[in-house]
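Here are some notes for a colleague who has not yet looked at this entry. Please read them with the structure open.

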Amino acid sequence: MSAQDSMPVARRGGLLRMLRDPGALSLAVTVALFVAMSAAGGVLYDGFLSPQVFLNLLIDNAFLLIVAVGMTFVILTGGIDLSVGAVIAFSTVLLASLVQHHGWHPLAAIALVLALGTGFGALMGVLVQRYRLQPFVVTLAGMFLARGAATLVSVDSIGIDHAFHVAVANLRIPLGGGVSLSAGAVLALLVVATGAVLARGTRFGRTVYAIGGSEQSAALMGLPVASTLVKVYALSGFCSALAGVSYTFYMLSGYSLHAMGLELDAIAAVVIGGTVLAGGSGYVLGTLFGVLVLGLIQTMIVFDGTLSSWWTRIAIGVLLLAFCLLQRLFSRRAAGAGATA
Amino acid sequence: MDANDTTTSPAHAAAPSPTPPPARLSLWKRVLAHPLFWPLLALGLLLLGNGVLNPGFLSLEWRDGRLYGNLVDIGNRAAPLVLVSLGMTLVIAVRGLDISVGAVLAIAAMVAAWTIGRATAGGGDGLMPLWLAVVAALGVSALCGLWNGLLVVKAGMQPIIATLILMVAGRGVAQLIGDGQILTIYYAPYSFIGSGFLLGLPFSLFLVVVVFVGLKVLLERTALGLFVRAIGHNPVAAHVAGVRARAITLALYVFCSFTAGLAGLLVSSNVASADANNAGQLLELDAILAVALGGTALAGGRFSLAGSLLGALIIQTLTTTIYAIGVPPQVNLVVKALLVAAVLLLQSPEFRGQMRALVTRPASGGRA
């Protein structure tokens with residue numbers, strides 16, 4: 001493609017190509033930031049570098065991680081899903097109401113909630129794909145609808161005390177050395193692994209990247225653009241419902257005001273993880289690091305004790321800005337290199 | 001549809017006086033095709049429905065030199081949303097979007113409350129603290145708009161992401177100003193902005209009228225309105241044609257945040273306090289809904305300020321209605337969501353095409 005690729009340093013071509021990919025470069029910055037922040041935390045605060053602190057990052061942000069994986073796919077196609085937080089809230093309320101007030105077994109309720117989330121996502125996907133509506137407006141309406149539906153099911157917070165649910169919530173999977181993971185965190189890691197395989201190793205994943213690169217070209221190549229777009233929003237809806245389920249394990253309650261503004265955290269995590277907002281470039285594993293960086297900010301503020309909670313919002317905003325500017329810089333440079341070659 | 005009937009059915013064409021029906025039809029068509037017809041019809045039906053359900057709803061009463069009634073109340077409550085919708089209309093008209101208006105409203109409210117707290121504690125008397133608060137709040141919100149505009153115009157970010165940054169960080173900044181507390185305002189003159197009366201009408205209505213008429217004059221008596229439409233239809237072509245697209249876009253973002261600042265003054269003055277977390281919550285969504293209801297194309301280019309004004313009034317009337325008829329207020333969100341979906345589908349050419357095919361296919365099949 002460019003002069004450097006054809007030079008004798010072909011063995012280093014992989015690394016070079018990776019460095020020229022704006023997504024990969026951004027991911028490298030994110031991983032470096034994570035390591036640097038951890039080191040800074042270790043220097044500043046006692047007991048910061050214990051393994052359990054890092055496992056707690058996964059435990060406390062399991063639902064965010066699950067949602068962010070779904071969001072990664074949506075953003076990879078160049079779309080956006082603002083309804084995720086509301087779908088989580090709806091899932092928690094419906095699940096809690098079915099289990100507590102209608103005597104359903106949690107597993108049956110979970111199955112229904114997952115099906116509803118997927119169906120809701122697919123419906124929004126159809127609106128986006130079939131009627132050429134802008135994703136942000138459609139999912140904004142979806143956000144209203146899911147939040148409203150959640151308050152219609154119940155205005156009050158519903159505590160869950162079903163024996164099965166409590167048992168799963170208290171389950172701790174020991175990893176040796178006195179540290180452990182919750183069921184929700186394991187679920188989240190499974191979702192990340194599945195997402196990574198789905199994105200890189202399947203037809204569906206390749207089509208998602210192709211649509212993000214150029215929808216027209218993807219369609220001209222004969223790829224199933226329409227069905228893939230619908231599937232992507234369905235996947236995001238499924239991930240949101242699954243995150244709602246893991247939220248009930250984490251909080252043991254269903255409430256229509258759960259996960260307020262979570263869509264912004266999810267978008268921030270995806271962007272910080274190196275996925276380019278215009279679509280077509282990014283990694284599911286990057287999203288994992290994006291979520292970890294967000295969690296680390298919160299942990300550092302908790303460890304510090306003197307900083308107030310609103311600094312979290314400001315810090316996330318600043319990081320979001322920095323990574324957006326970084327992406328512009330990298331993609332502009334990549335475009336410039338492509339043009340001169 | 002109507003035109004089809006007159007041209008295809010010979011029975012109508014053979015009517016004794018062929019000229020009057022087309023004239024009446026064309027007038028009817030013109031009314032139907034008027035961009036403000038549907039929003040006006042929706043608002044009229046909503047108000048009429050309320051009047052039927054509750055006969056006292058539409059009545060106005062003159063008491064103690066002031067006008068009282070549900071209609072005045074709706075206008076007063078809708079004022080912040082109307083202001084923000086006007087700003088949002090222009091940003092959307094140039095293919096932009098500003099989802100930070102709720103956060104900017106909170107910042108402006110906090111700045112005003114903080115300034116008044118400082119000025120009155122320092123022994124400032126008379127109207128000085130009021131002017132200080134207004135200038136500070138509007139200045140800060142204009143700066144917020146400049147920030148958004150620079151990110152969009154200079155850094156080349158997508159508008160939704162550029163304003164997302166301020167939306168996320170803005171609430172944090174607002175809390176920082178109030179140190180995490182709700183600031184209460186103990187200063188009588190300030191309450192005039194949000195709940196004062198002038199000539200028997202709420203002061204906020206005058207503010208809305210001034211902004212609306214000012215915009216109308218600016219956009220229709222100068223070439224600015226044309227420029228805005230040109231940028232919205234095709235930014236590159238507008239730039240090539242010599243329209244200063246970037247400067248105008250930047251100015252519109254500043255103006256949008258400015259209207260959010262004005263709304264922040266109204267809201268904080270009305271409740272005599274500023275709440276960084278809850279002031280202007282979901283305002284961005286309501287504003288976008290109002291703009292869409294008013295017939296502005298969300299893809300840019302075609303916009304209607306009067307439509308957005310009507311859209312904001314529809315939303316407020318809907319809220320008042322839902323409270324008045326005793327339905328749980330949570331239904332409000334669901335109704336709004338379904339409204340957005342319906343309006344979006346009606347705006348989509350693909351959907352209209354499908355519906356037209358659905359309507360005409362059985363009809364033509366029956367004829368053949």
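1. The buried part of one helix in chain A. In this predicted model, helix H11 of chain A covers residues 203–213, and its buried residues are Thr207(A), Val208(A), Ala210(A), Ile211(A) and Gly212(A). These buried residues of H11(A) pack against four helices of chain A: H5 (62–76), H10 (183–201), H12 (215–220) and H13 (225–251). On spacing, an α-helix has 3.6 residues a turn, so residues three or four places apart point the same way.

2. Confidence in chain A. The mean pLDDT of chain A is 84, and 90% of the residues score at least 70. Among the elements of chain A, H5(A) has the highest mean pLDDT, 94, and helix H1 (residues 3–6) the lowest, 42. Residues 1–11 of chain A have a pLDDT below 50, and this stretch makes seven contacts in the model beyond near neighbours in sequence. Where pLDDT is low, the predicted coordinates should not be read in detail.

3. Confidence in chain B and in the whole model. Chain B averages a pLDDT of 79, with 89% of the residues scoring at least 70. Its elements run from helix H1 (residues 2–8), which has the lowest mean pLDDT at 41, to helix H13 (residues 245–271), which has the highest at 90. Over residues 1–20 of chain B the pLDDT is below 50, and eight contacts beyond near neighbours in sequence are present for this stretch in the model. For the model, the ipTM is 0.76 and the pTM 0.81.

4. The contact between the chains. How many residues of chain B are in contact with chain A? There are 32, and they meet 36 residues of chain A. On the chain B side, helices H8 (159–178), H14 (283–293), H16 (331–347) and H17 (349–367) each supply at least two residues. H8(B) gives the largest share, 12 residues. By class, the chain B side that touches chain A has 22 nonpolar, seven polar and three charged residues.

5. A helix pair in chain B. Helix H4 (residues 37–53) and helix H15 (residues 305–324) of chain B have axes that come within 9 Å and cross at roughly 25°. H4(B) and H15(B) are therefore roughly parallel to each other, and their crossing is left-handed. From H4(B), the contact includes Pro39(B), Leu43(B), Leu46(B) and Asn50(B). Among the residues that H15(B) brings to it are Gly307(B), Leu310(B), Ile314(B) and Thr321(B). The contact of H4(B) with H15(B) counts 11 nonpolar and five polar residues, with no charged ones.

6. A positive phi in chain A. Leu252(A) is a residue other than glycine with a positive phi, near 55°. Leu252(A) sits in the loop between H13 and strand E4 (253–254) of chain A. Is Leu252(A) buried or exposed? Leu252(A) counts as partly exposed because 16 C-beta neighbours lie inside 10 Å.

7. A positive phi in chain B. Arg95(B), also not a glycine, has a positive phi near 65°. The loop that holds Arg95(B) runs between helix H5 (70–93) and helix H6 (101–121) of chain B. With 19 other C-beta atoms within 10 Å, Arg95(B) is partly exposed, since a buried residue needs 20 or more.

Notes
Residues are numbered from 1 along each chain as its sequence is written. Chains are lettered from A and ligands numbered from 1 in the order in which they are written. This is a predicted model: local features need pLDDT of at least 70, side-chain atom pairs count only at pLDDT 80 or more; totals for chains, interfaces and linings use all residues. Axes are lines fitted to C-alpha atoms, for helices over the stretch in contact, and angles run from 0 to 180 degrees between N-to-C directions. Angles under 35 degrees count as roughly parallel, over 145 as roughly antiparallel, 65 to 115 as roughly perpendicular and the rest as oblique. A crossing is left-handed if the near helix is turned anticlockwise from the far one by less than a right angle, and right-handed if clockwise. Two residues are in contact if their C-beta atoms, placed from the backbone, lie within 7 Å. Ala, Val, Leu, Ile, Met, Phe, Trp, Tyr, Cys and Pro count as nonpolar, Asp, Glu, Lys and Arg as charged, and the others, Gly among them, as polar. A residue is buried if 20 or more other C-beta atoms lie within 10 Å of its own, exposed if 12 or fewer, and partly exposed in between; C-beta atoms are placed from the backbone. pLDDT is the predictor's confidence in each residue, from 0 to 100.
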